[in-house]
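Colleague: I'd like to learn how to read a two-chain model properly. Could you walk me through this one, feature by feature?

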There are 2 protein chains.
Amino acid sequence: MKKAVVLLSGGLDSATTLYLAMSKGFDVRALVFRYGQRHDREVRQALAIARRAKCPAHVLKIELPWKGSALLDSSKPLPQGRKQMRGIPSTYVPARNTIFLGFALSYAESIGAAHIFIGANALDYSGYPDCRPRYYKAWQGLAKLATKSGVEGRRIKIETPLLRLKKSQIIRLGIKLGVPYEMTWSCYQGAKEPCGRCDSCLLRAKGFMEAGVKDPALR
Amino acid sequence: MKKAVVLLSGGLDSATTLYLAMSKGFDVRALVFRYGQRHDREVRQALAIARRAKCPAHVLKIELPWKGSALLDSSKPLPQGRKQMRGIPSTYVPARNTIFLGFALSYAESIGAAHIFIGANALDYSGYPDCRPRYYKAWQGLAKLATKSGVEGRRIKIETPLLRLKKSQIIRLGIKLGVPYEMTWSCYQGAKEPCGRCDSCLLRAKGFMEAGVKDPALR
């Protein structure tokens, strides 16, 4: 079985990506990051989802002592109910996906995995620069140049299967694959129930609405 | 004063890079990584060098639980006295510089620094893939695509001033800049004195010999 590394956040997109990689027959290992999020909820959900999928998971703790993002700094307000999803919001964490992919590349090369899956999405997303197709294209080249595997002709590929899907398409795909959406956590807040007002909750609600499905995470 | 981030390892190349960046008038911040090296010596030396240079330094602890490198795993032998410096040695740490640059990019963007200095060298080096000019060329593109700064037209540049210098040229440059080479640590071992036999010691000795200078770190 071919090995693959999957970046798992506990959200809807990465859970779908995990199930998709497994459905393609990969022997999957998850990487979960604790990087100073305002709450621990998504890490706990990521681990629960990995357990449910019987997928081994590493949790890596990352220090970003310079903060600078509303996602890491609870003294900053979270964007809520933006009329238009334009511009880069205050939840942007500088170079986050670059750091995550660096670790994934190291892990993949160490275990001989030729595939790294990331659930990035460039349609129904928050406008982060490191979710755009051209960013992932640049990564393909970098992964080849950065590694011993690449030099020796064994390429490590960054797989972004959700990149050009709408949120509703992702959800329909995930339902077919049996993704336990009731276990996924999208809200930027860590309260008992999703807030329903932050960007991430709004994108999720829009996706379920357009897919014509009830969100099983909501009571 | 323009801000810059410098990756500082405690070795000869990164110390020279720090002093070079300062000589160019940058307001420099150092990033030092504790990533599971066999010994703590180079981190201590990096911090001592930063202190001497009056440069603020962050130490980041990084977990690479998958090991796979003789540099991180003390049960593996270190390469010694290789007749030829060919191929990629067992001290290669998968994707190490990619992870380091990811953090540097995050830090630089957070503090508004437009320059990241790294003391990579592609001539008198150990053959690591992430020390080659083409790898850094790819990084220039990635840094632009990965960040809010890049999207908004404020490019963060990866500076590799030592990339095409011989070790002896680096040493001569450093001596002019006042780099305290007696404080730098190159040896892969963490003993009281450098072993004099590992790849890193051999490259250093060759550099000082060719520069016609006595290594002040040796008694």
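Modeller: Sure. Let's begin with what pairing means: two strands pair if DSSP finds at least two bridges between them. Keep in mind that this is a predicted model.

Colleague: Okay, so take β2 and β3 of chain A: in which sense do they pair, and over how many bridges?

Modeller: As a general idea, strands of a sheet pair through backbone hydrogen bonds, either parallel or antiparallel. Here β2(A), residues 27-34, and β3(A) pair in the parallel sense over 5 bridges. To see the register, look at A:Ala30, which stands opposite A:Ala57 in β3(A).

Colleague: And what is the strand order of the whole sheet in chain A?

Modeller: The order is β3-β2-β1-β4-β5, an open sheet of 5 strands with parallel pairing. At its edges stand β3 (57-61) and β5 (157-159) of chain A; each has a single partner strand, so one side of each is left without a neighbour in the sheet. On average, neighbouring strands of this sheet are turned by 25 degrees against each other, direction ignored.

Colleague: What does the sheet of chain B look like?

Modeller: Chain B has 5 strands in an open sheet, ordered β3-β2-β1-β4-β5, and the pairing is parallel. Its edge strands are β3 (57-61) and β5 (157-159) of chain B, each pairing on one side only. For a register there, β2(B), residues 27-34, pairs with β3(B) in the parallel sense over 5 bridges, and B:Arg34 stands opposite B:Lys61 in β3(B).

Colleague: Next, the helices on the sheet. Which strands of chain A does α1 lie across?

Modeller: Helix α1(A), residues 12-23, lies across β1 (3-7), β2 and β4 (115-117) of chain A, and runs at about 170 degrees to β1(A). Then there's α2(A), residues 41-52, which lies across β2 and β3 of chain A at about 170 degrees to β2(A). In chain B, α1 (residues 12-23) lies across β1 (3-7), β2 and β4 (115-117), running at about 170 degrees to β1(B).

Colleague: How many residues of α3(B) are buried?

Modeller: For that call, a residue is buried if 20 or more other C-beta atoms lie within 10 Å of its own. In α3(B), 14 of the 16 residues are buried, so this helix is largely enclosed by the rest of the structure. From first C-alpha to last, α3(B) (residues 96-111) reaches 23 Å, close to the 22 Å expected at 1.5 Å a residue. Just after α3(B) comes B:Gly112, with a positive phi of about 75 degrees.

Colleague: Now the pair of chains. What rotation superposes chain A on chain B?

Modeller: In general, two copies of a chain are related by a rotation about an axis and a shift along it. For this model, the rotation is 180 degrees with 0.0 Å of shift along its axis, and the RMSD is 0.0 Å. The two copies are thus related as by a two-fold rotation axis. The same surface serves both copies, with 100% of the contact residues of chain A recurring in chain B. In chain A, the residue that comes closest to the rotation axis is A:Ile99, at 2.9 Å (C-alpha).

Colleague: Which elements of chain A give two or more residues to the side that touches chain B?

Modeller: The contact takes 36 residues from chain A and 36 residues from chain B. On the side of chain A that touches chain B, the elements giving two or more residues are β3, α3 (96-111), α4 (133-146) and α5 (148-151) of chain A. Of these, α3(A) gives the most, with 10 residues. By class, that side has 21 nonpolar, 9 polar and 6 charged residues.

Key: Residues are numbered from 1 along each chain as its sequence is written. Chains are lettered from A and ligands numbered from 1 in the order in which they are written. This is a predicted model: local features need pLDDT of at least 70, side-chain atom pairs count only at pLDDT 80 or more; totals for chains, interfaces and linings use all residues. Helices (H or I, at least four residues) and strands (E, at least two) are DSSP runs, numbered from the N terminus. The expected span of a helix is 1.5 Å times one less than its number of residues. A residue is buried if 20 or more other C-beta atoms lie within 10 Å of its own, exposed if 12 or fewer, and partly exposed in between; C-beta atoms are placed from the backbone. Copies are superposed by least squares on the C-alpha atoms of residues with pLDDT of at least 70 in both. Two residues are in contact if their C-beta atoms, placed from the backbone, lie within 7 Å. Axes are lines fitted to C-alpha atoms, for helices over the stretch in contact, and angles run from 0 to 180 degrees between N-to-C directions. Ala, Val, Leu, Ile, Met, Phe, Trp, Tyr, Cys and Pro count as nonpolar, Asp, Glu, Lys and Arg as charged, and the others, Gly among them, as polar.
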